[in-house]
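Please look through the structure shown here slowly, moving from the place where its chains meet to the parts that lie behind that meeting place.

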Amino acid sequence: MKLLRLKPGHGEIVLAEGDVDAPEQERELIEAFRRELDAGMWAAVPLQSSDGRRQAELVKSFSDVPRDAERVIFFPRAAGGAPRTAG
Amino acid sequence: MALALGTAAVVLVVLLWELARPRAIGALRSARARLQRLRARSRAAGVVGYDPGRERRAEQRARELLRSCVDERDWAMYRDLGFLRVWGGVGERLRGAGAPYAYLIYPHRPIVAYVPRTGALLNEYCVAFPDHSRPYGSARLPDSDDVLAKWMALTADERRLIEQANMHLPGRQIDPDRISRDLVRLARWERESDDGATDIVRAA
């Protein structure tokens, strides 16, 4: 599993990578996951639904992440955009 | 007379230059030293000069990530048209042409809600994903990362994203004529890609 974060001016960066079935690596993944959530990020898991369409799921704790998920993507939480400068 | 005045002027200029030269040279030296100190400080702080390719590389990475997350058809739509369409009512499992409303996602522009059956515009939802850690000097995500963030938030929790957004009537930030043109382009694009798919099936 890879934990990625969307970064301004950079694209995504890899925060952590490991096997969830290896306790030590899972611990590192959990720590990185918590750090991002504490920093105010949203965490999304890209998934494929039963009808074959792709969608994402927002997760609030590492235990919500499907064990077979390949990636968790962190991104800054949404805020109402400024009337003229952002959308 | 003119020759005498001219000579006097030249002598005056030379005298003034001789008087000012030590001060001018000193100022030049100290400016050069200040510049060198600034450069050394920048190097020590790890600050690199302007890299014109950085934004382009970031966008390229963002496009690859977006492509790996969305459906192939949605990726083709974004690649060809510059926006994504997401059906509304994801939570109610109403999708495709039967959905009562849909959204257009533009990079760094409001999300536009519309009625697919009639093309009527409903609202603009102005939403941003500002990264206040500003590690690279800007709080703005690359275009395709902004689209991906909106897509993830909409498909995961439409209601939550819409609640966070500032809602406006259509036309506040995006010209409604432009959206109408984009809907026409989208309809044409869908016809053409459906025809292409049919041709491939026939050929097989």
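In this predicted model, strand 6 of chain A pairs with strand 4 of chain B, residues 121-128, in the antiparallel sense and over two bridges. One residue to find here is Ala79(A), whose bridge partner in strand 4 of chain B is Ala128(B).

The meeting of the chains goes beyond this pairing, since 25 residues of chain A are in contact with 40 residues of chain B. On the side of chain A that touches chain B, strand 4 of chain A gives the most, with five residues, and the residues of that side divide into 13 nonpolar, seven polar and five charged.

The largest nonpolar core has 56 residues, and among those with the most contacts inside it are Val72(A), Trp151(B) and Met152(B). Helix 4 of chain B, residues 143-164, gives the most to this core, with nine residues. Met152(B) touches Ala44(A), Ala56(A) and Ile73(A), leaving aside residues up to four places away in sequence.

Turn now to helix 1 of chain A, where Leu29(A), Ala32(A) and Phe33(A) are buried. These three lie on the same side of helix 1 of chain A, because they cover an arc of only 105° around the axis. An α-helix has 3.6 residues a turn, so residues three or four places apart point the same way. The buried residues of helix 1 of chain A pack against strand 1, strand 2, strand 3 and strand 5 of chain A, whereas the face turned away from the buried side carries exposed residues, including Glu24(A), Arg27(A) and Glu31(A). After helix 1 of chain A comes Gly40(A), whose phi is positive, near 90°.

Definitions and conventions:
Residues numbered from 1 in each chain as written. Chains lettered and ligands numbered in written order. Predicted model: local features only at pLDDT ≥ 70, side-chain atom pairs only at ≥ 80, totals over all residues. Contact = placed C-beta atoms within 7 Å. Helix = DSSP H or I, 4+ residues; strand = E, 2+ residues; numbered from the N terminus. Nonpolar A, V, L, I, M, F, W, Y, C, P; charged D, E, K, R; others polar. Pairing = 2+ DSSP bridges. Core = buried A, V, L, I, M, F, W, Y, C linked by C-beta atoms within 7 Å. Buried ≥ 20, exposed ≤ 12 C-beta atoms within 10 Å, placed from the backbone. Arc of directions from axis to C-beta.
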